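Visitor: I should like to go through the charged pairs and the nonpolar groupings of this structure. Please begin with the criterion for the pairs.

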Amino acid sequence: GGAGGEGAPPQPRFVINSSIAGKLPVAYLSPYSTSKHACDTYAACLRMELQHFGIGVTTVLASFHKTPLIVAADGTFRGADYVRKTWDRMAASKQAEYGEAVLECLEYSSDALLIDFAWDPLRVNEALVRAATTLSPPEAEVYCGCDSRYVMQALPRLPAFLSEWVVERYLNWYGHRAGVKPAAVEEQLKQLAGARDSKEKTL
């Protein structure tokens, strides 16, 4: 039986499919992380507002899974292919802002991270169905994927400087190791360094 006793109907609830990205900021993925954070915050506000009506709100926070974004219909992986297709659709001016080095980094990271370490998408389906149909009182948040549940869930509880240090080296490990930055950022850094050198020479 549910919380209301033997034979009572399950508590009504909303189930919101979000992402662990809403809990963890990732460099150069600010639009995605921001949208997921907004989704998580909306769910939390809605959960508090609807509790007075006996309605629950569960947020499912999934990590990296082998969705159609990176897996073709025939089951073959296409992480780097998806990155390349997205790149080809970008305007030439936008490609120049990022540069070929960033493209190569994204292609490599896409295959290494999203393929080698991604989970079966059925895990997300199971989590959503379980959250929607369980007779138990709805959970506030459900973390989907072992990395989401046991690693990434703990990171936001660390001091900001420490969690961001870990995220940068875990999620952006190849770019960090290779020292890759968008071409526009590299150019701005050069200009700032040049301006600083000129100022020092005049002093």
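Guide: A salt bridge is a side-chain nitrogen of Lys or Arg within 4 Å of a carboxyl oxygen of Asp or Glu. The model discussed here is predicted.

Visitor: How many salt bridges does this rule give?
Guide: One of the pairs is Glu 97 with Lys 94, whose closest N and O atoms are 3.3 Å apart. Another joins Lys 23 to Glu 141. By the rule, the count of salt bridges comes to 3.

Visitor: How many residues apart are Lys 23 and Glu 141?
Guide: The closest N and O atoms of Lys 23 and Glu 141 are 2.8 Å apart. Lys 23 sits in the loop between β1 and α1, while Glu 141 belongs to strand β3. The pair thus links distant parts of the chain, with a separation of 118 residues.

Visitor: Is Glu 107, which pairs with Arg 84, buried or exposed?
Guide: Glu 107 lies in helix α4 and Arg 84 in helix α2, so their salt bridge ties together parts 23 residues apart in sequence. Arg 84 has a relative accessible area of 32% and is partly exposed. The cut-off for a buried residue is under 20%. Because Glu 107 has a relative accessible area of 17%, Glu 107 is buried.

Visitor: What accessible area does the nonpolar surface patch have?
Guide: One member, Trp 165, is found in helix α7. Trp 165 is partly exposed, at 46% relative accessible area. Together with Leu 158, Phe 161 and Leu 162, Trp 165 forms a patch whose accessible area is about 420 Å².

Methods:
Residues numbered from 1 in each chain as written. Predicted model: local features only at pLDDT ≥ 70, side-chain atom pairs only at ≥ 80, totals over all residues. Heavy atoms only, no water. Patch = residues over 30% accessible without salt bridge, like charges linked within 9 Å, V, L, I, M, F, W, Y side chains within 5 Å. Areas by Shrake-Rupley, 256 points an atom, 1.4 Å probe, with all protein chains shown as cover. Helix = DSSP H or I, 4+ residues; strand = E, 2+ residues; numbered from the N terminus. Buried < 20%, exposed > 50% of the residue type's maximum accessible area, 1.4 Å probe, protein only.
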